[in-house]
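The following paragraphs lead the reader through a single protein chain, from its helices and sheets to its pockets. The sequence and structure are shown first.

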Amino acid sequence: MRIRLTLLPEEDKSLNINYNYFLSGWIYNTLKKANKEYAEELHAKGYSYGKKVFKLFTFSQLRSKNLKIVNENIVFLDKTYLYITSPKKEFLLNFVGEVLNNDVLKLQDYEFKIESVEVLKEPEFNNEENKFICLSPIVTSTAVEIDGKRKSVNLPLHHPRFVENLKNNLIEKYYVLYNTLPDNLSLNINFDMEYYSQKPKGKRIKYKNVYVRGYMVPFTMSGNIELIKVAYDCGMGEKNSAGFGMIQKIR
């Protein structure tokens, strides 16, 4: 289930391009106003799978047909859209209920006026070929040893483990949601490598004090429809609650 917020930007003001941390904070604060206990539990504990923790929601980049980037700042010149998705009804009911009581989305000293909030119809998925674009960068990582210490590094999209990690991540999310493994583990993910070759460096976003590199490359998925739906509802890859991995089905 996902929603879309239509936002009206401030005139003659700009927003720092690394806004993910502040947008994530705004979402948690909105939830906290609606249901403090639920929001604090989600932020502190989330949903566990072994040592991994999932928050089971993600959000898009701020999207507008008319904007300009000046150095590290964005000037929004037209209506702007924010998409938020989660398979958890409790998350969206609390969030939407509180947003409807407010008319402003504030990120540091920048304010969007909230014009409307819509619940979007879910697309139909099939097991043959579903085409997707990214509404926020897809990230996955692996642990490597650097100077005798194990550190997590973001994988490039062409790395053979990139797609493997995405598949395993979706299976883990499925288990967290349904407390069982899917009957069918078949899932094919194919990125448009020609598109990727034009922008192989991906997108680099500063989150808190760490730079995260992800990729916004069209791709297809086929196989188990339930796993495809998990990807649509929860996001692909890692750091979903920080605004990474949101996807949209296209015709």
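In what follows, axes are lines fitted to C-alpha atoms, for helices over the stretch in contact, and angles run from 0 to 180 degrees between N-to-C directions. With this convention, helix 1 (residues 20-34) and helix 2 (residues 36-44) pack at an angle of about 145°, and their axes lie 5 Å apart. From helix 1, the residues Tyr28, Leu31, Lys32 and Ala34 take part in this contact; on the side of helix 2 they meet Lys36, Tyr38, Ala39, Glu40, Leu42 and His43. By class, the contact of helix 1 with helix 2 comprises 6 nonpolar residues, 1 polar residue and 3 charged residues.

The model in which these helices are found is a predicted one. Its chain contains 6 helices and 18 strands. The C-alpha atoms fill a box of roughly 45 × 45 × 40 Å along the principal axes. For a compact globule of 251 residues, a radius of gyration near 18 Å would be expected, and the value for the chain, 18 Å, agrees with this.

The strands may be considered next. One open sheet consists of 4 strands in the order 14-17-11-18, with antiparallel pairing. Strand 14 (187-191) and strand 18 (247-250) each have a single partner strand and therefore stand at the edges, with one side of each left without a neighbour in the sheet. On average, neighbouring strands of this sheet are turned by 30° against each other, direction ignored. Helix 6 (residues 225-234) packs on the sheet and touches strand 11, strand 14, strand 17 (219-223) and strand 18. The direction of helix 6 makes about 145° with that of strand 17. Within the sheet, strand 11 (residues 130-134) and strand 18 run antiparallel and are joined by 4 bridges. Ile133 has Gln248 in strand 18 as its bridge partner.

Another open sheet has 3 strands, ordered 2-7-6 and paired in the antiparallel sense. Strand 2 (15-16) and strand 6 are its edge strands, each pairing on one side only. Strand 6 is joined to strand 7 (residues 73-76) by 4 bridges, and the two run antiparallel. Here Lys68 stands opposite Val75 in strand 7.

A hairpin is formed by strand 12 and strand 13, with 2 residues between them. Asp147, in the turn, has a positive phi of about 55°. Strand 12 (residues 141-146) pairs with strand 13 over 6 bridges in the antiparallel sense, and Thr142 stands opposite Val153 in strand 13.

Which elements each supply at least two residues of the lining of the largest pocket? They are helix 1, helix 2, strand 4 (52-54), strand 13 (149-154), helix 4 (160-178) and strand 16 (210-214). Helix 1 and helix 2, described above as packing partners, thus appear again in this lining. Helix 4 gives the most to the lining, with 7 residues. The largest pocket has a volume of about 1000 Å³. Among the 39 residues lining this pocket, Val53, Glu238, Lys239, Asn240 and Ser241 are the closest to its centre. The lining of the largest pocket is made up of 14 nonpolar, 14 polar and 11 charged residues.

The second largest pocket has a volume of about 580 Å³. Of the 22 residues that line the second largest pocket, Gln61, Arg63, Lys199, Lys203 and Met216 lie nearest its centre. Two or more residues of this lining come from each of strand 6 (67-70), strand 11 and strand 15 (203-207). Strand 11 was met above in the sheet with the order 14-17-11-18, and strand 6 in the sheet with the order 2-7-6. By class, the lining of the second largest pocket has 14 nonpolar, 5 polar and 3 charged residues.

Conventions. Residues numbered from 1 in each chain as written. Predicted model: local features only at pLDDT ≥ 70, side-chain atom pairs only at ≥ 80, totals over all residues. Heavy atoms only, no water. Pairing = 2+ DSSP bridges. Contact = heavy atoms within 4.5 Å. Nonpolar A, V, L, I, M, F, W, Y, C, P; charged D, E, K, R; others polar. 1 Å grid on protein atoms, 1.4 Å probe; cavity = no way out; pocket = protein on both sides within 12 Å on 5 of 7 lines; lining within 4 Å. Points joined across faces, edges and corners; volume = space filled by probe spheres on them. Rg over C-alpha atoms; globule rule 2.2 N^0.38 Å.
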